[in-house]
Structures are given as structure tokens and as C-alpha cells.
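Dear colleague,

Please find the structure below for your consideration. My findings follow it.

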Number of protein chains: 2
Amino acid sequence: MIRQLREILRPDQILTEIEDLIPYGFDGTAMLKERAQAVVFPETTEEVAAVVKVAGQTKTPVVTRGSGTGLSGGSIPVKNGIVICLVKMDRILEIDTKNLTLTAEAGVVTQAIDDAAAREGLIYPPDPGSMKISTIGGNVANNSGGLRGLKYGVTRNYVMGMEVVLANGEIAWLGNKCVKDVAGYSLKDLFIGSEGTLGIVTKILLRLLPRPEARKTILATFNDIEQAAQTVSDIIAAKIIPCTLEFLDQTTIRCVEDFAKIGLPTEAKALLLMESDGPSSVVEAEAASMQAIATNNQALSLRVAANSDEAVQLATARRSAFSALARIRPTTILEDVTVPRSKLAAAVRFIESIAQKHNLQIANFGHMGDGNLHPTFLTNERDPEEIHRVELALHEIFEYTIEAGGTITGEHGVGLAKKAHLPDQFADASYSLLQHVKRSLDPENLLNPGKLFDL
Amino acid sequence: MIRQLREILRPDQILTEIEDLIPYGFDGTAMLKERAQAVVFPETTEEVAAVVKVAGQTKTPVVTRGSGTGLSGGSIPVKNGIVICLVKMDRILEIDTKNLTLTAEAGVVTQAIDDAAAREGLIYPPDPGSMKISTIGGNVANNSGGLRGLKYGVTRNYVMGMEVVLANGEIAWLGNKCVKDVAGYSLKDLFIGSEGTLGIVTKILLRLLPRPEARKTILATFNDIEQAAQTVSDIIAAKIIPCTLEFLDQTTIRCVEDFAKIGLPTEAKALLLMESDGPSSVVEAEAASMQAIATNNQALSLRVAANSDEAVQLATARRSAFSALARIRPTTILEDVTVPRSKLAAAVRFIESIAQKHNLQIANFGHMGDGNLHPTFLTNERDPEEIHRVELALHEIFEYTIEAGGTITGEHGVGLAKKAHLPDQFADASYSLLQHVKRSLDPENLLNPGKLFDL
């Protein structure tokens with residue numbers, strides 16, 4: 001197999017030494033690692049297709065990855081398989097300012113896409129927490145969300161087309177620059193969020209939007225999580241759709257303050273980061289309404305970013321939550337449950353009760369406007385007894401979420417970490433349908449096998 | 001087969017007499033009709049599933065339909081097949097004002113959905129021209145667009161979940177009320193726009209939005225189509241995304257005026273219907289900018305609707321375009337090509353040149369902001385020589401559209417009418433993939449066979 005790869009790629013595009021393979025053996029997910037036989041760095045779609053053909057001929061599983069920031073183990077190698085790392089396919093190929101589109105190779109870092117859009121007065125809205133390092137290909141494979149999801153939606157809402165290498169090594173182009181197109185099935189939507197199990201996305205045609213004229217960032221703190229949740233409900237009920245409504249609990253506030261030192265009130269039980277963007281007049285009005293609603297819900301403090309530097313600082317505080325929490329204990333397990341918005345406060349309370357019941361440290365933060373929570377277990381993978389309690393707690397949280405009409409993963413994907421729980425969310429007929437689609441598009445089970453489900 | 005159907009359904013749920021079958025033999029598409037063996041009216045999902053099982057046992061093709069307003073022949077029966085007409089499944093099951101969702105059976109008329117939303121201060125944005133009679137199930141099967149698509153997107157953007165009867169008669173539920181969910185493939189996206197060929201959608205969970213506070217409707221006329229197209233480009237370049245930017249050419253203006261008598265200036269070569277909605281302050285500012293841009297592009301006349309009655313009247317003028325044109329000659333063939341927005345003016349010019357070249361009457365109107373045109377052939381199906389020229393013209397228009405990076409159908413679907421042209425738009429690998437997905441989800445080719453492509 002490696003001999004065949006060497007016929008396709010230059011020596012510097014192939015890693016096979018154990019010490020070189022190790023960094024490609026894990027991603028952002030705790031407690032998961034595996035070793036590939038080779039890691040390859042194709043520079044063109046044709047090279048990707050050629051590698052997939054070698055994999056097919058030699059029956060070697062293929063796992064595709066970008067920067068490896070995934071949080072469900074979706075890019076963990078299959079033992080002795082090939083890892084296709086797309087970070088060398090990192091060119092922005094076109095910005096079309098007339099049609100408001102951008103075409104990029106899969107390995108472009110998400111931040112670079114928004115930066116390129118910004119230079120034209122445009123915005124690429126999906127902004128996953130990892131956007132400074134994650135690649136757009138990884139975002140598409142996971143249908144990544146972000147902090148602006150409430151108003152702007154997720155990655156799927158911005159993918160107009162893609163080039164994809166299929167399991168048989170064929171290259172297909174799906175989609176176009178039309179804002180409306182109903183010719184044939186929307187196959188691109190099948191590949192978005194398929195976590196590299198159905199095909200390898202190599203190029204992406206993205207939709208951009210005019211960059212909002214103004215932005216206002218407000219930080220409100222509360223004595224009580226209920227008040228924060230009620231503030232979110234009242235904002236939505238007032239028909240305001242802010243771009244951001246992010247929540248941090250006290251543990252997270254304290255860790256972030258300790259990490260970032262930006263003067264967060266560590267005595268607060270809950271913090272809301274609220275951001276409005278759009279035309280100045282709307283932003284002013286929305287910001288004023290949101291402040292009034294927070295005050296009405298007994299906000300302890302309200303801080304309005306005086307300028308864009310301070311706004312960035314406040315948003316960075318939220319973005320650093322995971323890193324800040326990861327310093328506390330050896331192992332950080334970041335969860336991703338999502339419930340219908342109306343059930344959010346109850347879900348937060350339930351998670352608190354589960355932490356008490358199992359005597360665990362669970363920090364909580366997330367995209368409150370989306371109903372998407374990131375309960376974060378601060379634990380130690382070397383303590384099997386504690387990890388057992390973590391597993392019991394996770395199981396109860398997933399059960400609760402599904403019972404509430406929610407999902408076990410709002411934006412991180414299923415990967416390896418959640419595949420045991422996927423059948424609980426899907427009824428029999430729909431779970432079989434998932435597997436059926438996989439078998440049909442990848443009959444040899446070559447592409448990221450063992451992720452999402454076993455066959 | 002009919003005996004088996006009678007075991008499942010009451011006699012009044014089954015039509016088998018020729019005179020009863022005829023009205024279910026055609027839809028809104030010219031020149032297409034076929035006769036089924038039976039038309040059935042299930043009232044529950046279980047009845048739909050039972051009918052599909054009978055179809056499977058007896059190898060009888062099934063075509064699902066709602067009100068039959070389709071414009072690509074997607075719901076034309078298969079000869080001697082079963083037609084499942086879902087109009088009796090017409091209940092709105094829930095409006096959830098906390099989560100801004102609505103759940104409806106597939107046979108609910110689209111207008112009734114928006115009306116129900118409006119009573120709660122909410123809006124269901126997709127508004128196909130046929131919304132007063134078309135069903136939501138038909139809208140989902142075709143991923144219908146509408147007049148508000150520029151700002152609000154299409155049906156797909158509002159479907160959060162669905163119940164679907166699969167080809168084997170199993171019932172699957174896909175999706176939930178979470179605004180974010182990445183657990184498993186997005187199978188609902190595969191069924192949306194699949195024109196009844198992969199499954200039968202029986203219930204739909206829809207996302208609603210807060211109803212915009214204000215709305216302003218402006219009608220501008222021009223001496224020249226270029227000026228209208230430039231007005232659209234300038235509006236987008238000014239970072240305004242109005243909810244509606246509709247275009248009518250002179251033939252359409254004259255027909256509509258003759259039909260609706262609302263004082264349209266029939267000497268104008270082009271008309272733009274522009275609508276802004278949202279917070280009052282934004283609407284005022286956007287409307288003022290759009291008027292200035294139109295004036296700047298030598299608008300002949302500008303008319304601002306004084307009140308909501310007049311606004312509805314102006315919008316109705318646009319909505320009546322198809323009916324108005326249909327009165328001119330015996331046969332009306334409504335096309336649906338879509339190009340990237342930047343290529344729209346050139347596409348309009350090209351269609352005019354094709355009309356001249358083939359000596360045909362082609363009226364043109366459409367969703368200019370979306371790049372979606374409805375060139376409408378006013379012709380006579382009983383004149384084979386003229387119909388031959390129509391076919392030549394259509395072929396050239398499709399070729400031009402695909403060359404321009406466009407699509408042969410922006411919102412009407414492929415159905416029977418465009419299936420011969422689908423391979424021209426899809427490269428080999430992606431066309432095979434469409435067929436492969438169909439074969440895999442409907443191995444017996446029972447569901448709407450012969451639509452989109454032959455197998």
C-alpha cells in the first residue's frame with residue numbers, strides 16, 4: 001500500500017515513521033487515540049482521488065482530517081489505515097463579489113475565509129469556537145455551528161456547492177452559484193455533516209453576506225441561572241434575534257477570569273454574552289431592549305463594550321472557555337447536548353443535579369439562544385472509578401436530552417465519542433436508513449469506518 | 001391490487017372510475033397527462049404506509065400528489081399506477097410559540113400555514129406563487145421557492161423535521177425542534193426536493209419567524225430591461241437584501257394589466273416589484289434607498305403602496321402573471337431557468353433573442369433578485385411545427401443557462417418536463433450518484449418512477 005502511495009505522491013507528502021504518525025493519532029477529543037500506517041498530504045483533488053483508489057485496491061480504511069480540532073473523535077485514525085490530511089490544500093480560489101460567493105480548498109482555515117470576506121466588506125458567518133485553527137473542510141464535514149448561529153445558522157446554510165471524492169475515487173461536483181436550484185436531489189446536503197464517511201470534500205463554494213454595518217456587545221451577569229435563561233426567553237419573545245446569546249456558568253466564569261483576566265465578576269452565578277449586529281439604528285434599539293430585559297430579570301451587572309476592541313475582548317473570553325476549563329484537571333470532556341429552546345433552563349438545572357448526584361465537576365456554558373449546551377466534565381482519565389461516574393452521568397444527560405426532544409450533538413458530531421448513543425436518538429427505521437445510505441455510498445466501508453455507527 | 005386497497009380504505013377514499021380519474025391525470029404543466037388505475041385519499045400516515053405496502057406487493061408504481069399545481073409534471077400519474085392524494089391529511093397539528101415551530105400534515109394548504117402563523121404574530125416565509133392552493137407536502141417535495149426567497153430562502157430553510165413513508169412501507173421520523181442538530185446524516189435534506197421519488201412525506205415540522213413589523217411595497221417601471229437589471233444589481237451592491245425583487249417584462253405587464261386592471265403603465269418595457277420588510281426604521285431607509293437607486297437608473301415611474309391593501313394589490317398583480325399569460329394562447333409553457341445573479345441581464349437579453357430567432361412569443365418574468373426567470377412560452381400544442389420551434393428554443397435556453405453556471409430549474413423541479421435536460425447539468429459522476437441514491441432507497445422503483453431520470 002505504501003509503495004503504491006509513493007508512486008502517487010512525493011516523499012515529503014507521506015509520513016510513515018511512528019514519531020511522525022503520533023501527532024495525527026488524536027484530535028480535540030479526550031481519551032481517544034489510534035495509530036495510522038501512513039499520513040498523506042495531497043495537494044490536489046486528483047491526488048486525493050488517487051489515494052482513495054489505492055485504499056480501495058488494498059482495502060485500507062481512510063480517515064480524512066484537517067487541523068484535528070474535532071470534539072467527537074471523528075478524525076481519529078483507524079488502526080493501520082491511511083490518514084488523508086488536507087491542510088496543504090489551503091488556497092482560496094475565488095471571491096466573487098457580484099454573486100457574493102467564495103470558493104476555497106478544504107484545507108483553508110475558517111478564520112482566513114472570514115478575513116478574505118471582510119476585505120470585500122462581506123462576512124462568512126459560521127464561527128466555530130475553533131475557527132482560528134479549524135479548516136473549512138472540517139467545518140463542512142461536521143456542519144459546524146458557532147457563536148453567531150442564532151441569527152445566521154450553521155455551516156450548512158452557507159455551502160452552495162462542493163467538489164467531493166467518492167468512495168470509488170470518482171470526483172463529483174455538486175451545486176452551483178445559483179441561490180435557488182432544485183435540479184436533482186440535494187446531494188451536497190448529504191455530504192455536509194457526514195463526518196467523512198460518505199466522501200471526501202475537497203473544494204467548497206460558500207455563500208457570503210454583506211458585513212453588518214454595526215455591532216454591539218453586552219455582558220450581563222446574574223445571581224441565578226434561571227434569570228439568565230429567562231432573559232434569553234424574553235429576548236426571543238420580544239422578537240429580537242441577536243447574533244449571539246452565549247451563556248457561562250459560575251465555574252466557567254471563574255476559570256475564564258483566571259485565564260484571561262478581563263474583570264469578569266466571579267461572584268456571579270451566570271453570565272450572558274449578548275451581541276446584536278446589523279444596521280446601526282437596529283443595533284442600538286436591540287441593544288437597548290436586551291439591556292432592559294436583562295435588568296428586568298435582576299441582572300447583577302451590565303457591561304456594554306465601549307468599542308470594538310473591548311467587544312473582541314469579551315467575545316474572546318467566551319471563546320477561551322474550553323481552554324480555560326482544560327487547565328483545571330487532567331481530562332476535559334466537552335459535551336454538546338441541544339434541546340428545544342423552551343427546555344433549556346430545565347436542562348441546565350438537570351445537569352447541575354447530575355453533577356451533584358455523581359459527585360462530579362461539570363462546568364456548563366454554551367449557545368443559549370440555540371438551546372446548545374456544552375456541559376464540560378473536569379475529570380481524570382487515569383481514575384477509572386471517576387470515569388465510570390462520568391459515563392453514568394453522560395448516559396443520564398443523553399437520556400434526558402432525547403426525552404426532551406433534543407439531540408446528543410448540536411454541533412460537534414457523533415464520531416466515535418457518541419456512536420453508542422445514536423440509536424437512542426433515532427428510531428429503528430431512521431437508524432437503519434442512516435446505515436443503508438452509508439452502505440450504498442461506500443459499499444466497501446473504506447471512508448472513516450466505525451464512525452457514527454458500526455455496520 | 002384494488003381489492004387489497006379496499007381492505008385498507010373506505011370506499012369513499014378510493015376512486016377507480018375513468019371520469020373520476022381524469023382530474024388526477026394532470027397538474028399545472030402543459031401537454032402532460034396520464035391515467036392512473038386508482039386514486040386514493042389516505043387520512044393517516046398508517047394508511048399511506050399500508051397503500052405503499054400494497055404497491056410493493058403488487059409491483060404497482062405510486063405517484064403522490066397534493067393539489068396538483070406542479071409545473072414540471074412531477075405528479076403526473078404513471079399509467080395504471082396508484083395516485084396517493086394527500087389533501088385529506090390537512091390538519092395543523094401544533095403551533096409551538098416558545099420554539100417557533102409548526103407541525104402540519106402534508107396536505108395542509110401553504111396559505112393556511114402562514115395564516116396560522118400570522119395569528120401568533122409569526123410568519124412562514126416561503127410563498128410560492130401557488131400558495132393559496134398548493135400543499136405544504138408538495139412544497140417540500142419540490143423545495144418550492146417564492147416571492148420572498150431573496151431575503152428568506154426557500155422551503156428547505158424552514159423544514160426542521162418530517163415523517164416519511166419509505167419505499168418498503170416503513171415510517172421514519174427525521175429531525176426535531178432543535179435549531180442545531182448534527183446527529184447522523186441530514187436525511188431530511190435528501191427527501192426535501194426529491195419530488196416523491198425517495199419517500200412520501202406525511203408530516204412536516206416547520207420553523208417560523210417573528211412576523212416583520214413593517215413592510216413597504218414599491219413598483220418601478222423602466223424603458224429598458226437593462227435598467228431594471230442594473231437597479232437590482234445596485235440594490236444588492238448597496239447591501240440591501242429586500243424580501244422581494246420581482247421583474248415583469250412588457251408582454252407580462254400588458255397581460256397582467258388586461259387581467260387585473262390595477263393601472264400598470266403598459267408602455268413600460270420592464271417593471272420591478274420591490275418590497276422591504278422588517279423593523280419600521282429599516283424598512284423606511286431601505287425603501288428610500290431603493291427608490292433612489294431606481295430613479296438613478298432612469299425609472300419611468302415609481303409607485304409606493306400607500307397602505308397594505310394597495311401593497312397586496314401590487315403583489316397580486318405579480319402573482320397573477322401566470323394566469324394572465326395563460327389567457328393569451330391555448331398553451332402556456334412556464335420555464336424556470338436560474339443563473340448566478342451577475343448573469344441575469346445577459347440571460348434576459350438572450351431569451352429575447354431566442355424568441356426573435358425562432359419567431360416565438362416568450363413573455364418573461366421572475367424573481368430577479370434570485371436570478372430565477374420564468375420565460376413563458378405562449379404557444380399552441382396543436383401546432384406541431386410551432387411546438388418544434390418551442391423545443392429548439394428551450395434547448396438553446398437550457399444550454400445557455402448551464403454554460404452560465406446556472407440551473408435548468410430554480411424552483412419548479414425536474415419531474416417529467418426537464419428530465420431529458422438533467423444530464424446536461426450534471427457531470428457523469430454526479431448524475432450517476434443521483435441514480436444510485438434512488439436505486440438504493442427505492443430498489444423496486446415504486447415511488448414516482450420515471451420522474452427526474454429513467455433508471
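The notes below concern a helix pair in chain A and a sheet in chain B.

This is a predicted model, in which local features need pLDDT of at least 70 and side-chain atom pairs count only at pLDDT 80 or more, while totals for chains, interfaces and linings use all residues. Residues are numbered from 1 along each chain as its sequence is written, chains are lettered from A and ligands numbered from 1 in the order in which they are written, and side-chain values use heavy atoms, with hydrogens and water left out.

In chain A, the axes (lines fitted to C-alpha atoms, for helices over the stretch in contact, with angles from 0 to 180 degrees between N-to-C directions) of helix H13 (residues 344-357) and helix H14 (residues 384-403) come within 10 Å and cross at roughly 160°. Helices (H or I, at least four residues) and strands (E, at least two) are DSSP runs, numbered from the N terminus. H13(A) is therefore roughly antiparallel to H14(A) (angles over 145 degrees). Among the residues in contact (heavy atoms within 4.5 Å) are A:Phe350 and A:Ile354 of H13(A), and A:Ile397 and A:Tyr400 of H14(A).

In chain B, an open sheet of 6 strands follows the order S15-S12-S14-S13-S18-S19, with antiparallel pairing (two strands pair if DSSP finds at least two bridges between them). Strands S15 (301-304) and S19 (372-373) of chain B stand at the edges, each with a single partner strand, so one side of each has no neighbour in the sheet. Strands S13 (residues 244-249) and S14 (residues 270-278) of chain B pair over 6 bridges, and B:Phe247 has B:Leu272 in S14(B) as its bridge partner.

Yours sincerely

Methods
Parallel < 35°, antiparallel > 145°, perpendicular 65-115°, else oblique.
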